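Here is a quick tour of a chain worth a closer look. Have the viewer open, and we'll start with the cysteines.

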Amino acid sequence: MGSDTRPGRPWVALATFLAVQAVLGCWWAAFYPGLFSRDSVLYLSHTVAGPWVADHSVLYDALLWLSFTRTGDLGAVTFAQTTAMAGALTWLAQSLKRLGAPGSLTTAVAVLMPLAPPVGAFTVTLWKDVPFTICAVAIAACCARIAAGRAVGLPALLGLGVLFALLGLFRANGFLVAGVTVLALVVIVRRVRLLLTGAVAAALPLALSTLVFPQAGIVAPSPTYVYHTAYGDIAVLYRERPDLFTPADVGLMTTVAPLRRWWAGGTCSTINPLIWRRDFDWQQADARSGDLLALWRRLLVTEPGLVVRARLCRGAIAWRPVGDETATGGTTYRLSLRPNADTYVGPGKVTDFPGRGVFSLRPLSMELHQVAAPWLAGSLTPEWDRILWRGASWAYLAYVAVALAALARRNRLVLGVAAVVAGQQLAVLANISAQDFRYMAAPILIGALLVPLLLGSLVPRRRPVSDGPPRRTRPRDRAAGRP
């Protein structure tokens, strides 16, 4: 099968985009203004009630605030997400065709993907992870264009720089994803200027958070929010090896939470049972953050294997294709289906603000909702977990696909398409808080679109049929490169 991207057929890209947008638009109408969680409410509450804080993504918070203050609702944000996702998926599909992915099959996969809840329902969720994932898909598309052209031009460098910066602006660990991705691309592409581009892009969000946001009155994240995974490590080690803790360590911990909370929160799969309980004192944790970090560093030096094992367990969403049903928090969190904000946060749980009712499900089409709701609910059952919601399997498939394609085309630059998958997988593995599917959504989307490239690499490409015996060429024609 040939490529759909040859000159004279731009309508294929447009048709693909419109088809994807139409399906995502149906999800938008079915779950207007969008699915949401407790985090979604927090994104907006502080921007309206004040003060602004940088706990999540200042950029995404600003988008919600802009939509809320200008339109009185949040549907503009989720609709913009559907358009951006349609553009990113189309761009990746068209870019992979330039690499030799079967055209019709790639188009079919791109058009069918939004029907799946990990694409459709996720795209219309009010999470900062949605634009983050869109940027990651766009990075894979840009790398596919580089591989197809076998060169890194200035437009590609600028595009990657902007996308890497957005990774850091949309999610706190985005600079880690960008950093690992850039290092992988430098090794593959062997262009030092990529390293400079990545360094500038990764530094921009850090510079904004330290120099610009404080001047704008945006409060820095609390120490507990920043270091909560380290506190989770302490809890795990206390539960497994209490003999490592001195009386002074125990006294420090009890100023923040009862020992029973530290023990109960010592499940390695998630930090939620530790920090999101009433008897965990965030104010005390902030005040004693320096001492808690000193304790964590001592444990890291004396028992590095235990700390690493705790991180591997908590980052299982990045490397393990199946969840652990026997462990507390070991199963995959996908999407929530509650009807309004009060069912998430309740009275007094977050700073209240006028208009919080925007966080309520108000479908624009009850007919679409009646179709989409059971479809989504059915996909959340455990038997679909490893196929639809665990990004690790798709990450491994992505590596196999680009490796075989690089061998088949004798083009090492094809490996760069999966660089952002490796970046996300390693960043999540190193520092994440729970088994949430959204943290590995990009590998699912990228991996699915790499399936046609994988299949195309397994099937030998046919030589074009000749109209007759090869014509003999003269020596001077061969020297000039003419047939």
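## Cysteines without a partner

Keep in mind that this is a predicted model. Start with Cys 135: the closest cysteine sulfur belongs to Cys 142 and sits 12 Å away, which is too far for a bond. Cys 135 is also tucked out of sight, counting as buried with a relative accessibility of 7%.

Cys 143 is in no disulfide either, with the sulfur of Cys 142 as its nearest cysteine sulfur at 6.0 Å. That distance doesn't qualify because a disulfide here needs the sulfur atoms within 2.5 Å. Cys 143 counts as buried too, at 4% relative accessibility.

## The one disulfide

So where does a bond form? The structure holds one disulfide, and the cysteines it joins are Cys 268 and Cys 313, with 1.9 Å from S to S. The pair ties together distant parts of the chain, 45 residues apart: Cys 268 is in the loop between α13 (259-264) and α14 (272-275), while Cys 313 is in helix α17 (residues 304-314).

Which hand does this bridge have? The torsion about the S-S bond of Cys 268 and Cys 313 is about 60°, so the disulfide is right-handed. As for cover, Cys 268 counts as partly exposed, with 21% relative accessibility; the cut-off for buried is under 20%.

## The overall fold

Zooming out, the chain has 25 helices and zero strands. Its radius of gyration is 25 Å, close to the 23 Å from the globule rule for 483 residues, so the chain is as compact as a globular protein of that length. Along the principal axes, the C-alpha atoms fill a box of roughly 90 × 55 × 50 Å.

Of the 483 residues, 53% are buried. Take the contacts between residues at least 6 apart in sequence, and 79% of them join residues at least 24 apart. On the outside, the chain exposes about 21500 Å², with carbon and sulfur atoms supplying 65% of that area. The charge tally is 46 positive and 25 negative side chains, and the centres of the two sets are 16 Å apart.

## Cis prolines and positive phi

Two cis peptide bonds are worth finding in the viewer. One joins Tyr 32 and Pro 33, with omega at about -5°, and Pro 33 belongs to the loop between α1 (11-30) and α2 (38-49). Another runs from Gly 50 to Pro 51, with omega near -5°; Pro 51 is in the loop between α2 and α3 (58-71).

Then there are two arginines with positive phi. Arg 150, with phi near 55°, lies in the loop between α7 (129-149) and α8 (154-170) and is partly exposed at 48% relative accessible area. Arg 190 has a phi of about 60°, although it is not a glycine. Look for Arg 190 in the loop between α9 (174-189) and α10, where it is exposed, with a relative accessible area of 56%.

## A buried threonine and an exposed glutamine

Thr 90 is in helix α4 (residues 75-98). What does Thr 90 contact, leaving aside its neighbours within four places in sequence? Ala 13, Thr 16 and Phe 17. Thr 90 is buried, with a relative accessible area of 7%.

Gln 215 goes the other way: it is exposed at 70%, in the loop between α10 (192-212) and α11 (223-240). Its C-alpha is separated by 20 Å from that of Leu 44, which is 171 residues away along the chain.

Notes:
Residues numbered from 1 in each chain as written. Predicted model: local features only at pLDDT ≥ 70, side-chain atom pairs only at ≥ 80, totals over all residues. Heavy atoms only, no water. Helix = DSSP H or I, 4+ residues; strand = E, 2+ residues; numbered from the N terminus. Rg over C-alpha atoms; globule rule 2.2 N^0.38 Å. Buried < 20%, exposed > 50% of the residue type's maximum accessible area, 1.4 Å probe, protein only. Contact = heavy atoms within 4.5 Å. Areas by Shrake-Rupley, 256 points an atom, 1.4 Å probe, with all protein chains shown as cover. Lys, Arg positive; Asp, Glu negative; His and termini not counted. Charge placed at Lys NZ, Arg CZ, Asp CG, Glu CD.
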